[in-house]
Each structure stands twice: as structure tokens, then as C-alpha cells.
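Student: Could you take me through one part of this model closely, namely the packing of its two helices, and then the loop residues that stand out in the backbone?

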Amino acid sequence: MVERGVLLALEGNCKVPVASYAERQPDGRLRVRAMIAEPDGTRLRQCDELFSWPSSESEAHQVGLDLGLRLKNA
């Protein structure tokens, strides 16, 4: 749900270089890595952040949306 939230916020499609990957860390936290660039590959924006593990799918989706919007507006 986090990955889908990021892609939704970034309006990801087959013409935009975009990526999102979320994984549970050994300490129980959520690590999210995401990136977006312009269609020609310029203006690369990326992040690698840790979050508390979401308590629900809707919370996970919101984490992804928030992160995606921050990248989009960076």
C-alpha cells in the first residue's frame, strides 16, 4: 500500500521514470525508497526514509501518499 500511495501521488505511468520500494526492517520499522525524474531523466528527486510500522493498510497508503507528494513538490 505504501508503494501504491507513492506512485499515485507521483501520477506514475509508463512515460515517467518513477520507483517505489518498501520493506520491513529487522527492527520492525518500515523503510521506503522512492524516486522520480522528468521524462527525459533530468531533475532526479529521491528519498530513503524510515517510518514506524503502519498499524493499517490505510495508514500505510497515507505514508506513501505523503512521501510521494513531498517528492513531487521538491
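Tutor: What follows looks at the helix pair and then at two loop residues. This is a predicted model, in which local features need pLDDT of at least 70 and side-chain atom pairs count only at pLDDT 80 or more, while totals for chains, interfaces and linings use all residues. Residues are numbered from 1 along each chain as its sequence is written, and side-chain values use heavy atoms, with hydrogens and water left out.

Helices α1 and α2 (residues 57-72) pack at an angle of about 35°, and their axes lie 7 Å apart; helices here are DSSP runs of H or I with at least four residues, strands runs of E with at least two, and axes are lines fitted to C-alpha atoms over the stretch in contact, with angles from 0 to 180 degrees between N-to-C directions. On the α1 side, the residues in contact (heavy atoms within 4.5 Å) include Val2, Val6 and Leu8, and on the α2 side they include Ala60, Val63 and Leu67. By class, this contact has nine nonpolar, four polar and two charged residues, where Ala, Val, Leu, Ile, Met, Phe, Trp, Tyr, Cys and Pro count as nonpolar, Asp, Glu, Lys and Arg as charged, and the others, Gly among them, as polar.

Glutamate 11, in the loop between α1 (2-9) and β1 (18-24), has a positive phi of about 55° although it is not a glycine. Arginine 43, in the loop between β2 (30-36) and β3 (45-51), likewise has a positive phi of about 55° without being a glycine. Most residues other than glycine have a negative phi.
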